[in-house]
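Let's take a guided walk through this protein, one region at a time. Keep the structure open beside you as you read.

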Amino acid sequence: MRRRGDSETAGHPLVIPAGFPDGFYAQGHPYGLYDAVRAEGGLVRHPALPLWVAGSHAAVHAVASDPAAYRSGDGILIDEIGVPFDTPPTIMHTDPPDHGRYRGLVAPAFRPSAMRRLEGAVRERIRALLEPVEAGRPFDAVAELAVPLPLQVICLLLGIPEDDWPRFFRWSESIIPGAAPELSDEERTALRMEAGTYLVEVSNERRAAPRDDVISQLAQAEVDGDRLTDIEMVMFLIQLLVAGNETTRHAISGGLLAFAENPDQWEAMKRPEPMPAAIEEILRWTTPVVYFLRTATRPAVLAGREVAAGDHIMLLYGAANRDPEAFGPDADRFDIMRRPAVPGLAFGYGPHFCLGAALARMEMRLVLEELRARYAAITVADEPVYNGSPVVVGLRSLGLAFA
């Protein structure tokens, strides 16, 4: 069966599109291209852009593990190559030791113990979202479950009033390239400015009157004796908004699609023991973040090729997570009993490993627990529609029916 997202590169000489246009991901990850990159040794020169493309698990893992040799501060997206930053746009653009100091400010809010305290509230949200879903009635799993749940949870963490939650969805959509193609560049800019203004105002309120939420924690935090500036506060909060919303929603919806297309795996979910492995397999299978860039700080040999200082490397996480060398000859099969010997890379690796990993795993676990307690089967009711983003790929709509 042809995999969703296969391209004409499968079985043919390697062809990489110039610039990875938005439409290139209109059917999800282009796994045919990923196969071709790995067939070329896992690291190839892009024919039109000044970068290497890394698609093997070994190459992506090696770069992500070594921030001294491969830095983030020179840009993590293609359109940031050669663009200087007066201040890092996000924590992901920082390198050690600055990255460690910044990360330490927000990390306590995402510790497993903090997630356990939040679990009851998240379960209540899931049950409320599933309450109107009737067995046999087609519903859009993206609009009715995968979008609202992570958005509600991150807003709860930040301490955002419920009346403002819909605005956060629009702001999040405006930040991810290609996530909302209906928005013009002017509309995107206006939404981003609106988000920044709102977050600065809320941050100032929490500095004056702190509460038990992440914004208050950041507003009171200090870096080397100095409190965060307004720009640094917005940097953190925008990052938390996007990371806590976009990626988790695509993992949830993509995971449900995988179960609908593989009913034997939903049967296996009826037993309690597959849960941890199932979550890791969903993350591997969906890999919402397409890529980030790193820049070599010194000459190196990567995947048998000579990389020069200043060279940019594109880390294709979805390619790495389907690498047969890492996950076995059945890497293209969705198997919730998989026990790989290597780590999945959906959350990245090394110092930039996703801060919200415990939160995302907790949300996914609770969704699966609630669904398997209610429904014996999941089927596809309508053709899935992808967002086409070349940065965070996932579903814009997914018609499912439960039985």
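## Unusual backbone spots

T287 is buried, because its relative accessible area is 1% and the cut-off for buried is under 20%. You will find T287 in the loop between α12 (275-286) and β7 (291-296). Please bear in mind throughout that this is a predicted model.

The backbone at T287 is worth a look too. Most residues other than glycine have a negative phi, and most peptide bonds are trans. T287, in contrast, has a phi near 40°, a positive value in a residue that is not glycine. A303 also has a positive phi without being a glycine, at about 50°. Its setting is the loop between β8 (300-302) and β9 (305-307). Is A303 buried, partly exposed or exposed? With a relative accessibility of 35%, A303 counts as partly exposed, because that class lies between the 20% limit for buried and the 50% limit for exposed.

A glycine joins the list: G159, just after helix α6, takes a positive phi of about 80°. Helix α6 itself spans residues 148-158 and is mostly covered, with 10 of its 11 residues buried. Among those buried residues are P148, P150, Q152 and C155.

For peptide bonds, the place to visit is the step from P96 to P97, which is cis, with omega near 5°. P97 sits in the loop between β3 and α3.

## T90 and its partners

The loop between β3 (70-71) and α3 (98-106) also holds T90. T90 has a relative accessible area of 12% and is therefore buried. Which residues does T90 contact once its neighbours within four places in sequence are left aside? They are M235 and Q239. With Q239, the side chain of T90 makes a polar contact of 3.4 Å. A second polar contact, of 2.8 Å, links the side chains of T90 and H93.

Here are the side-chain polar contacts of T90, together with one made by E119, a residue we will come to below.

| Side-chain pair | Polar contact distance |
|---|---|
| T90 and H93 | 2.8 Å |
| T90 and Q239 | 3.4 Å |
| E119 and R365 | 2.7 Å |

## The nonpolar core and helix α10

Now for the interior. The largest nonpolar core contains 132 residues, and F168, L218 and I313 have the most contacts inside it. Helix α10 (residues 230-261) gives this core its largest share, 16 residues. Setting aside residues up to four places away in sequence, L218 touches L105, V106, L228, M233, F236, L237 and L240.

How is the packing of α10 against another helix described? Two packed helices are described by the angle between their axes and the distance between the axes. For α10 and helix α15 (residues 357-374), the angle is about 35° and the axes lie 10 Å apart. The contact draws on T248, A251, I252, L256 and F259 from α10, and on A360, E363, M364, V367, L368 and L371 from α15. Sorted by class, the residues in this contact are nine nonpolar, one polar and one charged. The crossing of α10 past α15 is right-handed.

## Around α15 and α4

C354 is part of the loop between α14 (324-327) and α15. Apart from its neighbours within four places in sequence, C354 is in contact with R103 and F347. C354 and G244 are 110 residues apart in sequence, and their C-alpha atoms are 9.8 Å apart in space.

Helix α15 brings us to E119, which is found in helix α4. E119 contacts M362, R365 and L366, not counting its neighbours within four places in sequence. The E119 and L366 C-alpha atoms are 8.3 Å apart, with these positions 247 residues apart in sequence numbering. The contact with R365 includes a polar one of 2.7 Å between the two side chains.

Helix α4 (residues 112-130) is also the place of R116. Is R116 buried or exposed? R116 has a relative accessible area of 57% and is therefore exposed. From R116 to F259 the C-alpha distance is 26 Å, and the two are 143 residues apart in sequence.

How values were computed: Residues are numbered from 1 along each chain as its sequence is written. This is a predicted model: local features need pLDDT of at least 70, side-chain atom pairs count only at pLDDT 80 or more; totals for chains, interfaces and linings use all residues. Side-chain values use heavy atoms; hydrogens and water are left out. Helices (H or I, at least four residues) and strands (E, at least two) are DSSP runs, numbered from the N terminus. Buried means under 20% relative accessible area, exposed over 50%, partly exposed in between (1.4 Å probe, protein chains only). A polar contact is a pair of N or O atoms within 3.5 Å; within protein, one must be able to donate a hydrogen and the other to accept it, and residues adjacent in sequence count only if both atoms are side-chain atoms. Contact means heavy atoms within 4.5 Å. A nonpolar core is a set of buried Ala, Val, Leu, Ile, Met, Phe, Trp, Tyr and Cys residues joined through side-chain atoms within 4.5 Å. Axes are lines fitted to C-alpha atoms, for helices over the stretch in contact, and angles run from 0 to 180 degrees between N-to-C directions. A crossing is left-handed if the near helix is turned anticlockwise from the far one by less than a right angle, and right-handed if clockwise. Ala, Val, Leu, Ile, Met, Phe, Trp, Tyr, Cys and Pro count as nonpolar, Asp, Glu, Lys and Arg as charged, and the others, Gly among them, as polar.
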